[in-house]
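Trainee: Before I use these terms myself, I would like to hear the reasoning behind them.
Mentor: Then ask about them one at a time.

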Amino acid sequence: MTNNPIYLHLKPGAEPIDISALSPYLAVIVIEADVTPEWRSMISKWLANSGCLYMLAWGPECSLWDDAVDWANIEQFDYMPIPDDSFIITCWFSHHNLEDVFEFAKVTAKHPTIEFMHTVLLHISNQNDEAIFLKKYAEA
């Protein structure tokens with residue numbers, strides 16, 4: 001996996017861009033804004049359908065993101081067994097700092113059957129902080 005992450009900023013309610021060319025990838029979702037359950041579900045389905053195979057969530061209500069991506073993965077296979085190479089591993093970090101989450105993404109997060117091609121830092125916020133996030137990730 002590349003250690004050079006791809007920063008993607010999404011304002012709450014925004015339509016995501018096509019990132020399926022990054023598949024398979026690990027996503028770190030950094031939540032710094034309130035979102036609706038419907039939008040969270042839509043973004044979770046987008047992650048599942050675009051090739052995310054490991055999702056780490058950090059920030060307010062991060063456990064809801066964990067659940068939403070799990071459900072998107074289940075729905076993706078019409079509630080049937082999920083093939084090992086399509087299973088999305090999810091976890092959330094409500095009691096850690098962001099640097100610890102970045103370190104986990106870089107060092108520990110591995111899929112049992114797939115090697116990640118990319119890491120996507122998905123920043124859900126009203127403000128773009130690309131330089132800050134890339135620096136924090138590099139230093140983790």
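**Strands, crossovers and a helix**

Mentor: Start with one pair: Tyr 25 stands opposite His 118 in strand 5. Keep in mind that the model is predicted.

Trainee: How do you know that strand 2 and strand 5 pair?
Mentor: Pairing requires at least two bridges between the strands. Seven bridges join strand 2 to strand 5, so the two count as paired. The strands run parallel.

Trainee: Which residue is the bridge partner of Val 28 in strand 3?
Mentor: The partner of Val 28 is Leu 56. Strand 2 and strand 3 pair over six bridges, in the parallel sense. Leu 56 also stands opposite Cys 91 in strand 4, and five bridges join strand 3 to strand 4, again in parallel.

Trainee: What makes a right-handed β-α-β unit with strand 2 and strand 3?
Mentor: Helix 1 (residues 37–50) completes that unit. With the strands pointing away from the viewer, the path from the first strand over the helix to the second runs clockwise, and therefore the crossover is called right-handed. Strand 3, helix 2 (residues 62–76) and strand 4 make a right-handed unit as well.

Trainee: Why is strand 2 called mostly covered?
Mentor: A residue is buried under 20% relative accessible area, and seven of the seven residues in strand 2 are buried. Both faces are covered: Tyr 25, Ala 27, Ile 29 and Ile 31 lie on one side, with Leu 26, Val 28 and Val 30 on the other. In strand 4, four of the five residues are buried.

Trainee: How do you know that the buried residues of helix 3 are on the same side?
Mentor: The buried residues are Leu 98, Val 101, Phe 102, Ala 105 and Lys 106. They cover an arc of only 135° around the axis, which puts them on the same side of helix 3. Their cover includes strand 2, strand 3, strand 4, strand 5 and helix 4 (130–139).

Trainee: What makes Asn 97 a cap for helix 3?
Mentor: A side-chain oxygen of Asn 97 lies 3.2 Å from the backbone nitrogen of Glu 99. The limit for a polar contact is 3.5 Å, so the pair qualifies. The capped end is the N-terminal one.

Trainee: Which residues have the most contacts inside the largest nonpolar core?
Mentor: They are Leu 47, Leu 56, Trp 65 and Leu 122, in a core of 45 residues. Leaving aside neighbours within four places in sequence, Trp 65 is in contact with residues including Ile 29, Ile 31, Trp 39, Met 55 and Ile 124.

Technical notes. Residues numbered from 1 in each chain as written. Predicted model: local features only at pLDDT ≥ 70, side-chain atom pairs only at ≥ 80, totals over all residues. Heavy atoms only, no water. Buried < 20%, exposed > 50% of the residue type's maximum accessible area, 1.4 Å probe, protein only. Helix = DSSP H or I, 4+ residues; strand = E, 2+ residues; numbered from the N terminus. Arc of directions from axis to C-beta. Contact = heavy atoms within 4.5 Å. Polar contact = N/O pair within 3.5 Å; in protein donor to acceptor, adjacent residues only side chain to side chain. Core = buried A, V, L, I, M, F, W, Y, C linked by side-chain atoms within 4.5 Å.
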